[in-house]
Amino acid sequence: KAVLLTMFMFRFLVLTHWIILSCSICLRTKQNITFHRIQKPNNGRTDQRPKVTLVGLFPLHRGPDCSEMVKSSNYRGFQRMEAMVRAIKEVNERTDYSSVYIEAIIYDTCSDFTGEHPILAVKDAIEKVGAEPDNAIIGVIGAAHSSVTKPLAKATLGLNLPLVSYASTNKDLTNYKMFARTVWSDSVLAKAILEIVDAFHFSSIKTLGTKGSDNSRALAEDLEMYGTHQQCNIVEVKNIDESGFESELQRFANHTLNSIVDGFICAISGDTKIPFLQSLQKLRKERKGRLRRLQLISTDDWDITDSLDKFQDIMEMLEGSITIVEDLDDDSNYEMFKFFTNIRRMDPSNPWLEEFCSELFDCKFPNDFKIDSKVEHVMDAVVLFTKTIDKFYLDKC
């Protein structure tokens, strides 16, 4: 009887714990669904165009309670979100450009790499827009990471919504139905990297990746498939939000410095860039400056927007390293910078604006503020949807 009672109590406690845990996760997720809505003015009597809605997904915060703003690469999540705001504004102002008015609901995905939060955000948008008789969702723009876009693409397909990503490069996504992207795939990137590898006459390379990331593994596979050089096993580090990240990153940096390959294909996430460089600084002090030269060929995940002024002491060991990014049009770069300098006036209803401005120069941007290379791809996604729905409307209506 004692044994049976003990087993019953154990099962009861486990079940109770599971119920409490499940409910707390549900509540936390529901509480964290925050959005910014751009709607057609109620007094817009002169604008008789029918309206439709786009859903935008951007990682603006991170952490278990979604409270820490993502600061990597000059707040690129916020930059990309505002790029969508600007694109929506511009296409709507040009009545000759589109026969429909584009509304938008923009969500913070809380940097959820499982895809659960973005999927819940899309469902939330469907509930909101579904209650409006004169509106409909025409598609989703996102997500920022392939590991998120994959489950999201399956969910949007089930919801009969097209998905366009501005940053997901995994080659497998090419085969997904009702999915498109405005950025290159990893297969294209791999071929560009191999041209650089051949130009440097490397005989051996090693890929540095992030655990749980499909991109780094897919890239390593493509490099092995297309290349003729020796490729060592991929080395991966935990995601920055995982426990034990700092200690593992130190081992990761130490392993990199001890490797004898000619070059490294750096495909770790952009959030890990600064911590990785800090680990190299620490090792430089420990080894009293006796470090090998690291020839890094970095993917666009690293971008080039982070300031490296604090890492002058390790620049010599990284001399000759390359980061591959898209060439941002100078006019687009200037126009986006001008938009940011007027952001308080241009987007005053944004619920994240005050937090962003308090973090960054009170929204007084310095002249050397670097624009994220993906902002143009976000705007391209808006234009793609606008042109498509306009053609559909003219053909069918």
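**Close-up views of a predicted model**

**View 1. A salt bridge joins Glu-103 and Lys-51.** The two side chains meet at 3.7 Å, taken from N to O. Glu-103 belongs to strand E5 (residues 101-108) and Lys-51 to strand E2 (residues 51-58), so this pair ties together parts that lie 52 residues apart in sequence. Glu-103 is buried, its relative accessible area being 1%. Look around the pair and you will meet a network of salt bridges that links Arg-37, Lys-51, Glu-103, Glu-132 and Asp-134. Please keep in mind that this is a predicted model; its salt bridges come to 16 in count.

**View 2. Lys-89 and Glu-93 pair within helix H2.** Here the closest N and O atoms of the salt bridge are 2.6 Å apart. Both residues sit in helix H2 (residues 72-93), with their positions four residues apart in the count, about one turn of the helix. Lys-89 is partly exposed at 31% relative accessible area, whereas Glu-93 counts as exposed at 55%.

**View 3. Asp-172 reaches Lys-150 in a salt bridge.** Their side chains come together at 3.3 Å, N to O. This contact links distant parts of the chain, 22 residues apart: Asp-172 is in the loop between strand E7 (163-165) and strand E8 (179-181), while Lys-150 is in helix H4 (residues 146-158). Asp-172 is partly exposed, with 34% relative accessible area; Lys-150, at 14%, is buried. As a friendly reminder, side chains of opposite charge can pair when their charged atoms come close.

**View 4. Five strands make an open, parallel sheet.** The strand order is E10-E9-E11-E12-E13. At the edges are strand E10 (230-237) and strand E13 (322-323), each pairing on one side only. Take a moment with strand E9 (residues 204-210) and strand E11 (residues 263-266), which pair in the parallel sense over four bridges. One residue to find here is Ile-205, whose bridge partner in E11 is Gly-263.

**View 5. Ile-274 of helix H8 and Leu-308.** Ile-274 has its place in helix H8 (residues 273-286). The chain separates Ile-274 from Leu-308 by 34 residues, and their C-alpha atoms are 8.6 Å apart. With a relative accessible area of 24%, Ile-274 is partly exposed.

**View 6. Aspartates gather in a patch of negative charge on the surface.** The patch consists of Asp-327, Asp-329, Asp-330 and Asp-331. Asp-331 is found in helix H9 (residues 330-341), and its relative accessibility of 57% makes Asp-331 count as exposed.

Notes: Residues are numbered from 1 along each chain as its sequence is written. This is a predicted model: local features need pLDDT of at least 70, side-chain atom pairs count only at pLDDT 80 or more; totals for chains, interfaces and linings use all residues. Side-chain values use heavy atoms; hydrogens and water are left out. Patches are made of residues with over 30% relative accessible area and no salt bridge: like charges are joined within 9 Å, nonpolar side chains (Val, Leu, Ile, Met, Phe, Trp, Tyr) within 5 Å. Accessible areas come from the Shrake-Rupley method with a 1.4 Å probe; for residues, only the protein chains shown count as cover. A salt bridge is a side-chain nitrogen of Lys or Arg within 4 Å of a carboxyl oxygen of Asp or Glu. Lys and Arg count as positive and Asp and Glu as negative; His and the chain ends are not counted. The place of a charge is taken as NZ of Lys, CZ of Arg, CG of Asp or CD of Glu. Helices (H or I, at least four residues) and strands (E, at least two) are DSSP runs, numbered from the N terminus. Buried means under 20% relative accessible area, exposed over 50%, partly exposed in between (1.4 Å probe, protein chains only). Two strands pair if DSSP finds at least two bridges between them.
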